[in-house]
Amino acid sequence: MSQMTIGTLARVAGVHVETIRYYQRRGLIGAPPKPPRGVRRYGGDAVARLRFIKRAQELGFALAEIKRLLALQEAQS
C-alpha cells in the first residue's frame, strides 16, 4: 500500500482515526500536505511508525519517551 487515506491508514495500522490525529497533535507522526480539493495521502512508512508507537506503548513507554525514540531514529537516518 503506497498511498492511503487516514481511514485506510487507521484500519491497516489497527488504530482509530482520532488516535492518528492525536499523535499528529503530539508530534509523533506528521500530516502529509493536503492538496487543493483533495485528501491527505499517507505512505507505508506511516503504518510502520504507528505500529512502532503502539508496540512501544504496550511495552510501557510513555508518549514523551516514544517521541524521543523516534527522534533518535530520525537522527540516524
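Colleague: Which residues of H1 are buried?

Modeller: This is a predicted model, and in it the buried residues of H1 are Ile6, Thr8, Leu9, Ala10 and Ala13. What covers these buried residues includes H2 and H3.

Colleague: How should I read burial for one residue, and what is the relative accessible area of alanine 10 in helix H1?

Modeller: The idea is to compare the relative accessible area with a cut-off, since a residue under 20% counts as buried. Alanine 10 is found in helix H1, and because its relative accessible area is 4%, alanine 10 is buried. If we leave aside the neighbours within four places in sequence, alanine 10 is in contact with Val15, His16, Val17 and Ile20. The C-alpha atoms of alanine 10 and arginine 25 are separated by 16 Å, although these two residues are 15 residues apart along the chain.

Colleague: Is methionine 4, in the segment before H1, buried or exposed?

Modeller: Methionine 4 is found in the segment before H1, and with a relative accessible area of 2% methionine 4 is buried. Setting aside its neighbours within four places in sequence, methionine 4 is in contact with Leu9, Val12, Arg40, Arg41, Tyr42, Gly43, Gly44 and Val47. The C-alpha atoms of methionine 4 and phenylalanine 61 are separated by 28 Å, and the two residues are 57 residues apart along the chain.

Colleague: How do I describe two packed helices, and at what angle do the axes of H1 and H3 cross?

Modeller: Two packed helices are described by the angle between their axes and the distance between the axes. The axes of H1 and H3 cross at roughly 45° and come within 9 Å, and H1 and H3 are therefore oblique to each other. H1 passes H3 in a right-handed crossing, where the contact is made by Leu9, Val12 and Ala13 of H1 and by Ala46, Val47, Leu50 and Arg51 of H3.

Colleague: Arginine 51 appears in that list, so what does arginine 51 touch, not counting residues up to four places away in sequence?

Modeller: Arginine 51 lies in helix H3, which covers residues 44-58, and with that sequence limit arginine 51 touches Val12 and Ala13. A polar atom of the side chain of arginine 51 lies 2.9 Å from the backbone oxygen of valine 12. Arginine 51 counts as partly exposed because its relative accessibility is 45%. From arginine 51 to isoleucine 6 the C-alpha to C-alpha distance is 15 Å, with their places 45 residues apart in sequence.

Colleague: How does H3 pack with H4, and which residues meet there?

Modeller: The same two descriptors serve again, namely the angle between the axes and the distance between the axes. H3 and H4 pack at an angle of about 135°, and their axes are 10 Å apart. That makes H3 oblique to H4, and H3 passes H4 in a right-handed crossing. Here Arg49, Phe52, Ile53, Ala56 and Gln57 in H3 meet Leu63, Ile66, Leu69, Leu70 and Glu74 in H4. For isoleucine 66, when residues up to four places away in sequence are not counted, the residues touched are Leu28, Phe52, Ile53, Ala56, Gln57 and Phe61.

Colleague: Which residues of the largest nonpolar core touch the most other members?

Modeller: The largest nonpolar core has 19 residues, and those that touch the most other members are Leu9, Ile20, Tyr23, Leu28, Leu50, Ile53 and Ile66. At least two residues of this core come from each of helix H1 (6-13), helix H2 (17-26), H3 and helix H4 (63-76), and H3 gives the most, with five residues.

Colleague: How should I read a phi angle, and where is arginine 37 found?

Modeller: Most residues other than glycine have a negative phi. Arginine 37 is found in the loop between H2 and H3, and its phi is near 60°, which is a positive value in a residue other than glycine. Arginine 37 counts as exposed, because its relative accessibility is 90%.

Colleague: What is the phi of glycine 14, which follows H1?

Modeller: The phi of glycine 14 is positive, near 80°.

How values were computed: Residues are numbered from 1 along each chain as its sequence is written. This is a predicted model: local features need pLDDT of at least 70, side-chain atom pairs count only at pLDDT 80 or more; totals for chains, interfaces and linings use all residues. Side-chain values use heavy atoms; hydrogens and water are left out. Helices (H or I, at least four residues) and strands (E, at least two) are DSSP runs, numbered from the N terminus. Buried means under 20% relative accessible area, exposed over 50%, partly exposed in between (1.4 Å probe, protein chains only). Contact means heavy atoms within 4.5 Å. A polar contact is a pair of N or O atoms within 3.5 Å; within protein, one must be able to donate a hydrogen and the other to accept it, and residues adjacent in sequence count only if both atoms are side-chain atoms. A nonpolar core is a set of buried Ala, Val, Leu, Ile, Met, Phe, Trp, Tyr and Cys residues joined through side-chain atoms within 4.5 Å. Axes are lines fitted to C-alpha atoms, for helices over the stretch in contact, and angles run from 0 to 180 degrees between N-to-C directions. Angles under 35 degrees count as roughly parallel, over 145 as roughly antiparallel, 65 to 115 as roughly perpendicular and the rest as oblique. A crossing is left-handed if the near helix is turned anticlockwise from the far one by less than a right angle, and right-handed if clockwise.
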